[in-house]
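Here are some short exercises to help you find your way around. Try each one with the structure open, then read through the solution.

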Amino acid sequence: MTVDYLIELFSKLFDSPFISFILAVSIAGIPLFVLMALNATVAVYVERKVSAFMMDRIGPMGQGPGLHAGPWGVLQTIADAVKLLIKEDTIPSSADKLLFKVAPFIIFIGAFLGIAVLPFSSVIQVVDINIGVFYIIAVGSVGVHGIVMAGWASNNKWSLYGAMRSAAQIISYEIPAGLSIIIPIMMTGTMNLQSMIEFQSGSIWGILPNWIIFNNPFSFLAFFIFFISAVAETNRTPFDIPEAESELVAGWMTEYSGFRWAVFFLSEYANMFVVSGLAAAGFLGGWLSPIPGLFNSPIWGLFWFFSKIIFLIFVMMWFRWTFPRLRVDQLMHVCWKVFIPIAMLNIFGVGIWKLIIG
Amino acid sequence: MSRYLTNIYDTVNTLWTGMQITFRHMMNIRRDNVTLQYPEERWPRPERNIGFNHEDYNVIRSRLHVDIDDCIGCYRCERACPVDCIKIETIKSDRGEDIPKVNHTGVTSNGTKKGFVVSRFTIDMSECCYCNLCTYPCPEECIFMVGGPNSSKHPIDYEFSETDRKDLIYQFAKKLTPKQKSGLSPIEKKAEA
Amino acid sequence: MGVVQGDQMVLNIGPQHPSTHGVLRLEVTTDGEIVSKITPHLGYLHRCFEKHAENVTYEQVIPFTDRCDYLASMNSNFGYVVAMEELMDIEISERVQYIRVIMAELNRIASHLLALGVYGLDIGAFTPFLYMLRDRERILDIFEYTCGARLLYNYMWIGGVSHDLPKDFVKICVEFLDYFEPQIEEYNNLLTFNKIFIERTADVGVIPAEVAVSYGVSGPNLRGSGVKWDVRKDEPYSIYDRFDFDIPTGSGEFGTLGDCFDRYWVRMLEVTQSVRIIRQALKDLPGGDVFETMPKKIRPPVGSVYRRTESPRGDLGYYIVSDGTPSPTRVKMRSPAFTALSCLDEVSSGWMISDVLAILGSLDIVLGEIDR
Amino acid sequence: MTPEQIKERISDQFKNSVITNESLGEHQVEINGEDWLNIATFMKNDPKLSFDQLECITGIDTGEEGPLQTHYNFHSMEHRHKIEVVISHDRKDPKVSSIEQVWRIGDWFERETYDMFGIEYTGHRDLRRILCPDDWEGWPLRKDYEGQESFHGIVVPKIKEEEGWE
């Protein structure tokens, strides 16, 4: 959409289609990057506050004179970011220098590419491709290469453990996530995110919005499986075994510091954003308003889409500050013996449902 | 199979219970908050603790302080200290007589006549283990931990960090020059006379 | 250090590691995630307590005992003074006995709260840890009110206590207990009965009763294995025989008898028992002077004594040898965490790395006490 | 059983094993170290004694002239009786057989006593220093111990320095 529009615009100005393509893509990428950075900044602040409130603390604050983190500590994340950026970038002497340097950016790319197809509103989307769902699932797995690279290149046993665990975990949880996202695809008959959302407009019995999650019991279950698998894919508690700080110190990030570590951090929050976006688009009606028929203009759409994402990210934080961590084999147990069979059953059930009810 | 389903039910149920608890705490943060925002709010904080009064404390383990005018140089605190962080040196003098040249008062506030000029009284607070053992044997109650019930003698001080270790050595007695030292002890005085 | 085979890896957990509870180094031989051998290396926190004790007087030893088990200093003090009083054969006034029991049990609650909370942290749950610390803080407030210190009290002295109870102590203490008891339910709902927590701890790190006894494992760890043994009941010291309380033992509720969950659960139950003891002691608290039975000069007769008491971590024994001079010839501390740690290798080989840390956490070790 | 009866039971089984020592207390019994492993095994396995708990092992230096001693505190959970066994060692060559395989906790207790007093427990499978570094010199808790001058280049301060004064 945005990119298409920009290409059209630039092709009028420049002769070469190549130049106009490059320009369009880079200009479209800038807001995405800003969005990622903003997302991480806000999410870090919110996470600090949410965790603090859940623990009867108040988190970063600043009231009086002196060097404080601003009113209610809003400047805390900026201070964090500045600290991370000016910190020395240490590379262990025995590390594999090239891989060590490259790894954060591979993870970053994986998260960054995912945002490109998120439908922020009925008109705001960077690029609208036919296989949007498939694309997000595909680029989501790019990150694991970066993690394995980081773990291997650090030449540290903790990092290696973290990387191995992470690889096993992400690859396993791709399956239930993939199987669950098939359900919206089955019901809508498309992989295009925009048409998937448009399918969900209207209402059931006049009260509930016609979102896929409310469509039938199987899709209701599928949403939870998808969401929890998504939490696992983003390596968050209770599935944070790759970085399990009480076991593996910091997992695959042990040797990283400064800017490279900040990139990891950015990617983690971007990943959360992407999977929440996919869950919102696939199950929760994307930019559709929760009150059927009202507030459905594109601007409201932006608002609804973001509030759904923010809610899902909040739930992830809520998980993190409530639950203990699973063990490696239990993690696999949950995936292979619980999620995958139920996800399979779901597909079967939705098929039957569609056949009988329509 | 039923066990499988019970397990899933248990998991969902217990996790949901936990999530409710954390959510409740998040919502009630104004009531439940326990954080003390240090530079603005300082201990003791009567409105938040269980309700005991600062003056009612038996003692507050904070910095040691010595009222050197009351010290009779009996060395009891030095002997009581398990980590030897108190160092005392004394010079014998006329019992109960003021010596203005070294700012020495002859009689303590309790009325005891002093027999020694305390020429050195240092406490190394970096070694102090805050056991409070030195304060009990003191016959004049001149060594004490500041604050709490002793607030009238010295206000509370728990913020005495320093950038140099040497600054943590507190010198309560004024260092005497050799000139001041000479002629203090009665024997020397006699010899002079 | 054994020969590492081709497919094995030696992993050093510690000395600086988030969940070694201090400075402990575990040399772990692993095959992937599976641990085959653990060699603990101690001594990083060795502060020569026993050597120190030989060079100071008897009353000056007490601040050093504080620093051994820094999470339960009252109980450390208690053990030492009980042993000293047995050696000197002095009778203690009633009020002092009650005050000591109240303080020791409050400190037991504080110590168990930290142990339980940190165990949650080892498993990955952060929030219960802070809830427990929040309540522990109120106990520390009470201690601070009484003796001015929050962590290292030097409160119990030979023949007495350093300060009498402050004004309104009983009221404050009862208020705290009333506040605290409902919190236990919240901890249970948030952490104990959490399915993930149960999965992580039940059936993990089983210590059978015979192994536990042979390794000298004591306290909640031993009771977690189903052995009903509590020094407070079985070799009563001070006035513990006057109180009515139960000895909770593990029952293998969710797994095998003697697993990590049992040890955790015994601690949780003990907290409620301590609350019971404190309530009884507060009710019967007699008046009197706390200093009257304190000896002026501490010169125990020539001889030796071994006395063990129940600290939150188990049987805390003091072996004191006196030669009649004002300073002891030998003070030996038999620390419960030391013995608990010694069985780590036997218990945790064959488990995963995550389980090793779960087992280590469930043993509730304090490195200050192990290394002394 | 009372300590007297326990003493009798042991001396019945092992002739000349119990040494009479007037300076010891009622609850203590001095035992000849030569046959110690067998006595210990007997004390654990005999149904009438059944000392299943080894409470503590304490090394004691009785002074520069006197011998080194190891004190074992035993307790039986079954019979609820206890005894303290004392074994004296020659100062020049302190040696006694290890009971590490009888009570498993003996392992670390013996290592600790070895670390502090240099008493060698023969038959111990892993007799290393436990609290001090492996290459520490001397036996710290002996009365005639003198600290090292320096350890790996770190000078061990003898007298506390008095900075800030003078």
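## Exercise 1: Domains of chain B

An assignment (bounds come from an automatic or database domain assignment) splits chain B into domain 1 (2-32) and domain 2 (54-187). Before going on, a word on the ground rules: this is a predicted model, where local features need pLDDT of at least 70, side-chain atom pairs count only at pLDDT 80 or more, and totals for chains, interfaces and linings use all residues. Residues are numbered from 1 along each chain as its sequence is written, while chains are lettered from A and ligands numbered from 1 in the order in which they are written.

**Task.** How far apart are the centres of domain 1 of chain B and domain 2 of chain B?

**Solution.** Take the centres over C-alpha atoms; the separation is 58 Å.

## Exercise 2: What chain B is built from

**Task.** List the elements of chain B from the N terminus on, and find what percentage of chain B is buried.

**Solution.**
- Step one, count. Chain B has 5 helices and 5 strands. Helices (H or I, at least four residues) and strands (E, at least two) are DSSP runs, numbered from the N terminus.
- Step two, read along the chain: α-α-β-α-β-β-β-β-α-α.
- Step three, check burial. Of the 193 residues in chain B, 26% are buried. The cut-offs: a residue is buried if 20 or more other C-beta atoms lie within 10 Å of its own, exposed if 12 or fewer, and partly exposed in between, with C-beta atoms placed from the backbone.

## Exercise 3: Two positive phi values

**Task.** Where do Asp84(B) and Glu141(B) sit in chain B?

**Solution.**
- Start with Asp84(B), which is in the loop between helix 3 (76-80) and strand 2 (86-92) of chain B. Its phi is near 55°, a positive value in a residue other than glycine. Asp84(B) has 12 C-beta neighbours inside 10 Å, so it counts as exposed.
- Now move to Glu141(B), in the loop between strand 3 (116-124) and strand 4 (143-145) of chain B. Phi of Glu141(B) is near 50°, again positive in a residue that isn't glycine. Glu141(B) is partly exposed because it has 15 other C-beta atoms within 10 Å.

## Exercise 4: Which chains touch?

**Task.** Among the 5 pairs of chains that touch, which has the most contacts?

**Solution.**
- Step one, pick the pair: chains B and C have the most contacts. Two residues are in contact if their C-beta atoms, placed from the backbone, lie within 7 Å.
- Step two, count: 27 residues of chain B meet 27 residues of chain C. On the chain B side, helix 1 (residues 2-27) gives the largest share, 8 residues. That side divides into 14 nonpolar, 10 polar and 3 charged residues. Here Ala, Val, Leu, Ile, Met, Phe, Trp, Tyr, Cys and Pro count as nonpolar, Asp, Glu, Lys and Arg as charged, and the others, Gly among them, as polar.
- Step three, look at a pair that doesn't touch: chains A and D, whose nearest C-alpha atoms are 25 Å apart.

## Exercise 5: Is chain C compact or extended?

**Task.** What is the radius of gyration of chain C, and what does the globule rule give?

**Solution.**
- Begin with the elements: chain C holds 15 helices and 8 strands.
- Then compare. The radius of gyration of chain C is 21 Å, close to the 21 Å from the globule rule for 372 residues, so chain C is as compact as a globular protein of that length. The radius is taken over C-alpha atoms, and the rule is 2.2 Å times the number of residues to the power 0.38.
- Add the spans: the C-alpha trace covers about 65 × 45 × 35 Å along its principal axes.
- Finish with burial: 61% of the 372 residues of chain C count as buried.

## Exercise 6: Around Arg129(D)

**Task.** Which residues does Arg129(D) touch, not counting residues up to four places away in sequence?

**Solution.**
- Locate Arg129(D) in the loop between strand 7 (120-122) and strand 8 (150-151) of chain D.
- List its partners: Asp115(D), Asp134(D) and Trp136(D), leaving out residues up to four places away in sequence.
- Classify Arg129(D): it has 18 C-beta neighbours inside 10 Å, so it counts as partly exposed.
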